[in-house]
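Colleague: I have not looked at this one before. Can you take me through it?
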Amino acid sequence: MSGSQEKELLNQAIDFAINDSWDASHKIVQDLHSAKAYWIHAVLHKIEGDEFNSRYWYERAQQSFEVYSDPKQELIFIKNNL
């Protein structure tokens, strides 16, 4: 997969998540293997309320669970920095 294809998928995943389509977003990121995909995956589990799983994905993404209190703002930040 090219970098532009992955970026497009990550943008779709973020848009789904921002619009409360958690499952659709999760289906995209669970099949991608990059730090940004792991970060989005972490935020999805934060939204879901699964802190243990969320922290696991934050660690894989080399990001911090505590930095953002608002998951949607975090997703917007990720999207703006893809």
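Modeller: What follows is a short talk about salt bridges and one serine, and the model is a predicted one.

Colleague: Fine. How many salt bridges are there?

Modeller: The count comes to five salt bridges.

Colleague: Pick one. What does Lys-79 form a salt bridge with?

Modeller: Its partner is Asp-15, and the closest N and O atoms of the two are 2.4 Å apart. Lys-79 sits in helix 5 (residues 71–80) and Asp-15 in helix 1 (residues 3–18). The two are 64 residues apart, and the pair links distant parts of the chain.

Colleague: Is Lys-79 buried or exposed?

Modeller: Lys-79 is partly exposed, because its relative accessible area is 29%, and buried would need a value under 20%.

Colleague: And Asp-15, what is its relative accessible area?

Modeller: For Asp-15 the value is 32%, so that residue counts as partly exposed too.

Colleague: Moving on. Which residue forms a salt bridge with Glu-51?

Modeller: That is Arg-55, with 2.7 Å between the closest N and O atoms.

Colleague: How are those two placed in helix 4?

Modeller: Glu-51 and Arg-55 are four residues apart in helix 4, so about one helical turn separates them. Glu-51 has a relative accessible area of 40% and is therefore partly exposed. Arg-55 is partly exposed as well, with 33%.

Colleague: What else does Arg-55 form a salt bridge with?

Modeller: Arg-55 also pairs with Glu-66, where the closest N and O atoms are 2.8 Å apart. Here the pair links distant parts of the chain: Arg-55 is in helix 4, while Glu-66 is in the loop between helix 4 and helix 5, 11 residues away.

Colleague: Which residues end up in one network, then?

Modeller: Glu-51, Arg-55 and Glu-66 do, joined by salt bridges that share partners. Arg-55 is the shared partner, as it forms a salt bridge with Glu-51 and another with Glu-66.

Colleague: New topic. Where is Ser-54?

Modeller: Ser-54 is in helix 4, which covers residues 51–61.

Colleague: Buried or exposed, that Ser-54?

Modeller: Ser-54 is buried, because its relative accessible area is 0%.

Colleague: What does Ser-54 touch?

Modeller: Leaving out residues up to four places away in sequence, Ser-54 touches Ala-42, His-45, Lys-46 and Phe-65.

Methods. Residues are numbered from 1 along each chain as its sequence is written. This is a predicted model: local features need pLDDT of at least 70, side-chain atom pairs count only at pLDDT 80 or more; totals for chains, interfaces and linings use all residues. Side-chain values use heavy atoms; hydrogens and water are left out. Buried means under 20% relative accessible area, exposed over 50%, partly exposed in between (1.4 Å probe, protein chains only). Contact means heavy atoms within 4.5 Å. A salt bridge is a side-chain nitrogen of Lys or Arg within 4 Å of a carboxyl oxygen of Asp or Glu.
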